[in-house]
Structure formats: C-alpha cells, structure tokens
Amino acid sequence: MTGAHIDDFYYVTAEALCKLHAAFPVRYLLLVEDLTGPIRWDMTGLPDRKSRACFETLIWLAEHGLLNYRSVEPRDVGIEGAVLSQQGFVLLSGRLTWHHGESTSRIAGLQRARAERAYSDLATIIEDLLAANCHWAAPRQPAPLVKAASIDVNSDDEADVSG
C-alpha cells in the first residue's frame with residue numbers, strides 16, 4: 001500500500017499531464033488550485049502541505065523532462081507557459097497493454113482512469129510512464145498491466161428528488 005503523499009503525486013501527475021495533452025502544443029497556465037482545490041494558507045503565508053506537494057510535483061515533472069515551462073507564478077501557486085516536452089508527448093502517446101489483452105495509449109488510459117475514478121489504475125499507468133522515462137534503466141519489454149476491477153459508486157446527489 002502506498003502512502004497518501006505518493007497517491008497525491010500520482011493524482012497530480014495525471015491531472016497535469018492530461019491538461020497539458022489536451023492543450024498541446026499551446027502553452028498553458030497550470031495552477032495548483034486547478035489541480036488540487038483551493039490553497040489553504042497558514043498564518044505565516046505558507047501554503048498547506050498538499051498544495052506545496054502539488055507545486056513540487058510540477059517542478060519535478062519538468063526536471064525529469066516530461067514538461068517545460070516559462071516561469072513560476074508568485075508564491076509558488078503554479079507554473080506559467082507549461083507545455084508537454086517532446087519526450088512527454090511521445091511517452092503519453094505510447095501504448096500500454098492490460099493483462100486481459102486490451103491495448104490503449106497511456107493518455108487514453110489516464111483519461112479513462114480519471115473519468116472512472118480508478119485511482120489504482122491511475123497509479124499503475126503513471127508508474128509505467130515513469131519506468132519508460134528512465135534513461136538509466138535497461139531497455140525492457142513492457143509487461144501487460146493489471147487493471148483493477150470497476151467499482152460502481154452511487155452518490156446521494158444522483159438520487160431522484162421529487163417535490
């Protein structure tokens with residue numbers, strides 16, 4: 001089981017990459033608030049841990065060649081002029097195969113996992129993408145990925161309200 005900070009990393013990574021892919025090749029303003037919700041500032045003017053981790057994830061993705069950006073927004077609330085790097089675009093366009101034989105692009109898999117709120121699939125796809133991005137690792141034939149079973153979530157908001 002992964003820690004909450006790693007799950008947050010996978011979620012922010014997926015959100016950022018999907019937003020940049022949708023805007024590609026146009027540069028985009030990636031704000032922490034758009035990825036994780038409102039920033040909560042403490043009395044010293046520092047952002048909460050989750051917002052800070054989101055911002056650091058964006059910087060980490062840039063440092064590892066998946067995206068480029070022009071500048072950091074004041075108070076580290078986002079990055080301006082973000083765009084997928086060539087390497088990021090190629091990795092997202094790359095294929096992945098699930099253990100049951102279904103094949104899709106990584107970006108389609110991410111979009112589907114986000115829509116279905118299949119967070120374990122999201123983590124699996126991000127781990128696959130990061131493994132493919134490792135320059136120091138030996139070349140490998142990708143193994144089929146194990147997809148989590150779908151869970152049907154019912155919400156009180158969907159209940160029929162009659163007056």
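Is Cys54 buried or exposed, and what is its relative accessible area? I looked this up and found Cys54 buried, with a relative accessible area of 1%. I note that the model I consulted is predicted.

**Entry on cysteines.** I then turned to Cys18, which is also buried, at a relative accessible area of 3%. I recalled that a disulfide is a covalent bond between the sulfur atoms of two cysteines. I searched for pairs of cysteine sulfur atoms within 2.5 Å. The count came to 0 disulfides.

**Entry on overall layout.** I listed the secondary structure and found 6 helices and 6 strands in the protein. Reading along the sequence, I recorded the order α-β-α-α-β-β-β-α-β-β-α-α. The pattern begins with a helix followed by a strand, and two helices stand at its end.

**Entry on burial, surface and contacts.** I looked up the share of buried residues and obtained 38% of the 163 residues in the protein. For the surface, I noted that the protein exposes about 9900 Å², of which carbon and sulfur atoms supply 55%. I next took the contacts between residues at least 6 apart in sequence; 53% of these join residues at least 24 apart.

**Entry on the peptide bond before Pro25.** Which form does the peptide bond from Phe24 to Pro25 take? I found this bond to be cis, with omega near 5 degrees. I located Pro25 in the loop between α1, which covers residues 4-23, and β1, which covers residues 28-31.

**Entry on Arg75 and Asp76.** I looked for positive phi in residues other than glycine and recorded Arg75, with phi near 65 degrees. Asp76 also has a positive phi, near 55 degrees. Where does Arg75 lie? I placed Arg75 in the loop between β3 (71-72) and β4 (78-84). Asp76 is likewise found in the loop between β3 and β4.

I then checked the accessibility of these two residues. Arg75 counts as exposed because its relative accessibility is 53%, and the cut-off for exposed is over 50%. Asp76, at 27% relative accessibility, counts as partly exposed; this value falls between the cut-offs of 20% for buried and 50% for exposed.

**Entry in review.** I recorded Cys18 as buried and Cys54 as buried, with 0 disulfides in the count. In the loop between β3 and β4, I have Arg75 as a residue with positive phi and Asp76 as another. I have the cis bond from Phe24 to Pro25 beside the loop between α1 and β1, in which Pro25 is found.

How values were computed: Residues are numbered from 1 along each chain as its sequence is written. This is a predicted model: local features need pLDDT of at least 70, side-chain atom pairs count only at pLDDT 80 or more; totals for chains, interfaces and linings use all residues. Side-chain values use heavy atoms; hydrogens and water are left out. Buried means under 20% relative accessible area, exposed over 50%, partly exposed in between (1.4 Å probe, protein chains only). Helices (H or I, at least four residues) and strands (E, at least two) are DSSP runs, numbered from the N terminus. Contact means heavy atoms within 4.5 Å. Accessible areas come from the Shrake-Rupley method with a 1.4 Å probe; for residues, only the protein chains shown count as cover.
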